[in-house]
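Biologist: I have a model open and want to learn how to read its strands. Where do we start?

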Amino acid sequence: MRTLLAALAVRAAAAAWSDGAVAPQDCDALSGVPLQVLMYGNNDAYTLRKLDQGEWEKLFKINWFDGHINAAAVFVDDNNDVYFFASFGGYLCRFDEDQKVCFDGQLKYSSPNAGVIVGATFYYSKNLGRDGGETIHFVTDIGSDSPTQVTSDKVAFSSTLFEGAVLDFAAVDEADGVSYVEDGDDDLAYLLGLGADFEVVVIRLDNDGHPDAYAVLEGTVEWGAGEEGESGGFGAAYMFKSDGDDAVTSVFFSSNGGKGTFGLDLGFAVDDDCWNEGTDVSGHTTCTTSQPIVRYEAASEESSSNDGLNCPFGVLGTDAPTALPTTSSPSYAPTVEKTEEPTPRPTHDPTKAPKPRPTAAPTYQPSVDPTIEPTEMPTYEPSKAPTPKPSPAPTSRPSANPSYAPSIDPTFEPTHEPSYEPTVSPTPRPSD
């Protein structure tokens, strides 16, 4: 598996469940791909789906459970195995395509709608900040058969600092040696969410794992190729970490209203006086000294009754796909280089520039020079211009049949009948 798993499992532990029915996920096939557990369209069953060319493409249907599913998250143990978790009817369960295995004891909420795992601790909430006074609860030691549920009471959230509610979390952990939130501490973990108006909600975890403070910052949205509009809330969050010594952590959120998937630039500052603490929310305020950048990254269609999760490998939209497919299914990204033959899925760019020579089929334009013989397909121009000469001139000789006109010159021969005039004038002498 990937070397970055060691960093992801800094606060984790080996899975030691007595029931091993649920299989770990094949994350090599899902690298860099946002996932959601959701009710899609008019379906009445939940499905696990991946983002593919802006649409949520089904991976499998969870038809073996008919209750509420949400607060989905990913657990990476220190054996580098990856498991999917979610709340099934208010019980925390790990699951795969065929079944679930749940812990005893119901969660604080029967239908939480935001969840994330940091190390071996599952954090969850319901409609955080919608009505005011909500808190984040958590379950520790989820890699064992005996996890511990903790009701958090250190900080409550105001309903006036951001629009709507925080509907999912992404988590960053500075135990990997990178400062993701510039606040003077460099070894803490944070939960990150977005309000419906792109407000950035930063939740600080203390060294015991308790949410102990939060800050709300106005996000600066860079729409890029996206279409501006209302987000509809952000019900799915993801954290990706690229491989290698210079691994880069990225955080993304998908708009429920179909406005796209957005990245949050990490490394933003949170001043000391920006942190809101305690359960009395009347004095909580918005931070005005920092405006993190939230940028449009990819298209994603509308979704509801949903929550995000992902295999935490790769970086959305930047890792190059392999030259050969890793599975029998085509990947959502184009091949490394364009080929003469079409790829399994259409690419965004044309495969090759058109060539100037004519195609095999005849065109509608005439050939360069008209020919005596007609072309294979008729042209719109005449094959040859008419000549200026008239047809042969008529002759002066009569036709073979007699004509109605007189002969050329009359003759001096008498006619057959006598004429009334004398033939010759009379002579003056008598005849002999």
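Modeller: Start with a pair of strands. This is a predicted model. Strand E12 (residues 170–173) and strand E14 run antiparallel and are joined by four bridges.

Biologist: Which residue stands opposite Leu191 in E14?

Modeller: Ala171 does.

Biologist: What joins E14 to strand E15?

Modeller: Six bridges, again antiparallel, with E15 covering residues 199–205. Look at Tyr190 there: its bridge partner in E15 is Arg204. Then follow the turn. Four residues lie between the strands in this hairpin, and Phe198 takes a positive phi near 70 degrees.

Biologist: How do I read the two faces of a strand?

Modeller: In a regular strand, side chains alternate between the two faces of the sheet. Now apply that to E14. Ala189, Leu191 and Gly193 are on one side. Tyr190, Leu192 and Leu194 are on the other.

Biologist: Are those two faces of E14 covered or open?

Modeller: Both are covered. Six of the six residues in E14 (residues 189–194) are buried.

Biologist: How many residues of strand E8 are buried?

Modeller: Five of the five, across residues 114–118, so E8 is largely enclosed by the rest of the structure. Ala114, Val116 and Val118 point one way, while Gly115 and Ile117 point the other.

Biologist: In what sense do E8 and strand E9 pair?

Modeller: Antiparallel, over five bridges, with E9 spanning residues 121–125. Ile117 stands opposite Phe122 in E9. The hairpin has two residues between the strands, and Gly119 takes a positive phi near 60 degrees.

Biologist: Now a charged residue. Where is Asp307 found?

Modeller: In strand E23, residues 306–309. Asp307 is buried and has no salt bridge. A salt bridge would need a side-chain nitrogen of Lys or Arg within 4 Å of a carboxyl oxygen. Here the nearest side chain of opposite charge, Arg130, is 12 Å away.

Biologist: What lies 2.7 Å from a polar atom of the Asp307 side chain?

Modeller: The backbone nitrogen of Ala72. So read Asp307 in two steps: check for a salt bridge, then check for polar contacts, which have a 3.5 Å limit.

Biologist: Zoom out. What is the secondary structure of the protein chain?

Modeller: One helix and 23 strands. Of its 432 residues, 42% are buried. Now take contacts with a separation of 6 or more: residues 24 or more positions apart account for 61% of them.

Biologist: How much surface does the protein chain expose?

Modeller: About 24,800 Å², with carbon and sulfur atoms supplying 50% of it.

Key:
Residues numbered from 1 in each chain as written. Predicted model: local features only at pLDDT ≥ 70, side-chain atom pairs only at ≥ 80, totals over all residues. Heavy atoms only, no water. Buried < 20%, exposed > 50% of the residue type's maximum accessible area, 1.4 Å probe, protein only. Lys, Arg positive; Asp, Glu negative; His and termini not counted. Polar contact = N/O pair within 3.5 Å; in protein donor to acceptor, adjacent residues only side chain to side chain. Pairing = 2+ DSSP bridges. Contact = heavy atoms within 4.5 Å. Areas by Shrake-Rupley, 256 points an atom, 1.4 Å probe, with all protein chains shown as cover.
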